[in-house]
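Got the viewer open and a selection box ready? Here is a short walk through the model, one stop at a time.

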Amino acid sequence: MIIFGAHSKTIAIFMAALIVLSFSSIALTQNIQKAESWLRAEAERKEQRAKRLLTGAGTITDNQEKYDVHYYALKLDLDVAEEYLAGEMTVKAWALDSLHHIELNLLDEMRVDSVLDRGKRLSFGHVDDLIHVNLSAPVSPDSSFSLSVYYSGYPENGTRMHFGFDTYQNKPMIWSLSEPFGARTWWPCKDYPKDKADSVNIYITVPQDLIVASNGRLVKTTPLGEKRTFHWHEQYPIATYLVSVAIHPYINYQDWYITASGDSILLDYYVFAEHLSALKNNYAKTPEMMSVFSERFGEYPFPEEKYGHAEFLWGGGMEHQTISSLGYWGEILIAHELAHQWWGNMVTCENFHHIWLNEGFATYAEALWKEYLGGADAMRQWMNYKRYLGEGTVFVEDPLQDDIFHYELTYMKAGWVLHMLRHVVGETVFFELLHEYRERFYFKTAVTKDFQTVCEAVSGMDLEPFFQQWIYESGYPFYRYTWKTEKTSSGNYLLSIMIHQVQDDVVYQMPIDMQLQFTAGDSTIVLQNSKRSQAVRAHCI
């Protein structure tokens, strides 16, 4: 905020953009700082795991582009004492081109015992973290095929750690966190978000005293001597990195969210017994959050299943589909992971160049929750805290080398992109375009251009400069100004302001709101600033 004195008048200029000319000081509470620390921890932990996999992640292979997965069945039998798993994965897919073999991602540390097609053994190789399976017969385009991979191993071998055998209070705590490239560390799959399976069955066999939380709906639990098998079914399309297990002798309790149309959706919570009383108050806010986000984004996208939380031993959280894993029960963390059920899970970034479509949206949802609780001032306070005045692009140029989960870019600045877009297109249009984005990419994947196309169609505006400067360019505008007033023959004053963009690189095209405050009343002028130097004049009564 800048204050000008012009005789008895006071003029204040506000920017509704990433950069304000200066910031009023805001006293941040310890709660805000604590929420921020857990969200930052989430980003840092995800990035650490991503870096551990970079040498093996590669890119989607030419062969994998030739088939489309529509179903997985994953069966795991866990030896908790030995920290060992034996698995069976069945995949069903459609050929998009002629196929004689298929390739699946699985780290070399895991041992493939056999690959079968309807009981017939298939020849295969396993090298460079890829399983190369020779099909029993060529598959023509638009034809389906299936096969099953039997494998075993110690998923925590090495330093990848996307599947953990841990303990909490001297009791087993087994968890997964696969984003971005970690599913391949514990199960064979086509491990890229571009190809969502239409549905997944998950069968996990564990000792009798353990409870398994996973995606979708719990179909049944089957006793097997000293063990039991939990069968979960995810009936909605899902990316491989969102497939999850969280295992512990949990306390399981439930709540309900009632939709605007009166339908009930199960809220399913799996918590450490020692934390039950501490977390219940914040967990109880989940139905209200779901109501707020449903109004803003459209109804919760997994109504036939559930939403829930499963505690695990990790800083921050992870938005596993229908069952977020939480390492803390802070209100903002709950809101962030819940928002991912729409933005990240329902609509998923097609690749990790465009991860901001997940994390930026969830970050801005935090501000929407703040706005619901405390109005526009609370939202502005939160966004002011989330500002980032630094270098780097929101677009991840090289996910195998760059920091995918750079907190300031992928979360903070990306959240500001949406905040600015809301002002550029207008309040009503902004939420209309979110609903349209949902409808066009419902359970699909998207890239930035897809979102931009929706924004332009709904708003009727050319938003190429906006997306180019804020997603693909580094930095931010830096403004200087001069001003003067002249007394007119009528006895009023003419205010002249000259705005200068002084950064060295791109010239930003953004609206600048100038609120004029003086004794006779206030008014706001919007300058569509698109030049290095630009003038605006206003009469002051």
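Start by selecting Leu39 and everything it touches. Beyond the neighbours within four places in sequence, Leu39 is in contact with Ile332, Leu333, His336, Glu366, Lys386 and Tyr407. Leu39 itself belongs to helix α1, which covers residues 30-57. Is Leu39 buried or exposed? Its relative accessibility is 0%, and buried means under 20%, so Leu39 counts as buried. Now show the C-alpha atoms of Leu39 and Gly317: they are 7.8 Å from each other, though these positions lie 278 residues apart along the chain.

Before the next stop, zoom out. Keep in mind that this is a predicted model. The protein has nine helices and 29 strands, and 57% of its 541 residues count as buried. Take the contacts between residues at least 6 apart in sequence: 68% of them join residues at least 24 apart. If you draw the accessible surface, you should get about 21,100 Å² exposed, with 48% of it supplied by carbon and sulfur atoms.

Next, the helix pairs. Select residues 356-385 for α5 and 427-440 for α7; their axes come within 15 Å and cross at roughly 140 degrees. Oblique covers angles from 115 to 145 degrees, among others, so α5 and α7 are oblique to each other. The crossing of α5 over α7 is left-handed. To see the contact, show side chains for Leu357, Phe361, Tyr364 and Leu368 on α5, then Phe430, Phe431, Leu434 and Tyr437 on α7.

Keep α7 on screen and add α6, residues 407-425. The α6 and α7 axes are 6 Å apart, and the helices pack at an angle of about 120 degrees. That angle makes α6 oblique to α7 as well. Here the crossing is right-handed. On the α6 side, pick Leu418, Leu421, Arg422 and Val425; they meet Glu427, Val429, Phe430, Phe431 and Leu433 of α7.

One further pair: α8 (residues 448-459) and α9 (residues 464-472). Their axes come within 11 Å and cross at roughly 145 degrees, in a right-handed crossing. Which residues make this contact? From α8 it is Thr448, Lys449, Phe451, Gln452, Cys455 and Glu456, and from α9 it is Glu464, Phe467, Ile471 and Tyr472.

Now jump to Thr445, in the strand β24 of residues 445-446. Thr445 is buried because its relative accessibility is 14%, under the 20% cut-off. Draw a distance between the side chains of Thr445 and Glu350 and you will find a polar contact of 3.4 Å. Setting aside residues up to four places away in sequence, Thr445 also touches Pro193, Lys194, Lys196, Thr348, Cys349 and Asp450.

Finish with some backbone spots, so switch on the torsion labels.

- Glu179 to Pro180: this peptide bond is cis, with omega near 0 degrees. Pro180 sits in the loop between β12 (171-176) and β13 (199-207).
- Asp128: phi is positive, about 55 degrees, although this residue is not a glycine. Look for Asp128 in the loop between β8 (124-127) and β9 (130-139). With a relative accessible area of 61%, Asp128 is exposed.
- Asn170: phi is near 65 degrees, again a positive value in a residue other than glycine. Asn170 lies in the loop between β11 (163-168) and β12, and at 78% relative accessibility it counts as exposed.

Definitions and conventions:
Residues are numbered from 1 along each chain as its sequence is written. This is a predicted model: local features need pLDDT of at least 70, side-chain atom pairs count only at pLDDT 80 or more; totals for chains, interfaces and linings use all residues. Side-chain values use heavy atoms; hydrogens and water are left out. Helices (H or I, at least four residues) and strands (E, at least two) are DSSP runs, numbered from the N terminus. Buried means under 20% relative accessible area, exposed over 50%, partly exposed in between (1.4 Å probe, protein chains only). A polar contact is a pair of N or O atoms within 3.5 Å; within protein, one must be able to donate a hydrogen and the other to accept it, and residues adjacent in sequence count only if both atoms are side-chain atoms. Contact means heavy atoms within 4.5 Å. Accessible areas come from the Shrake-Rupley method with a 1.4 Å probe; for residues, only the protein chains shown count as cover. Axes are lines fitted to C-alpha atoms, for helices over the stretch in contact, and angles run from 0 to 180 degrees between N-to-C directions. Angles under 35 degrees count as roughly parallel, over 145 as roughly antiparallel, 65 to 115 as roughly perpendicular and the rest as oblique. A crossing is left-handed if the near helix is turned anticlockwise from the far one by less than a right angle, and right-handed if clockwise.
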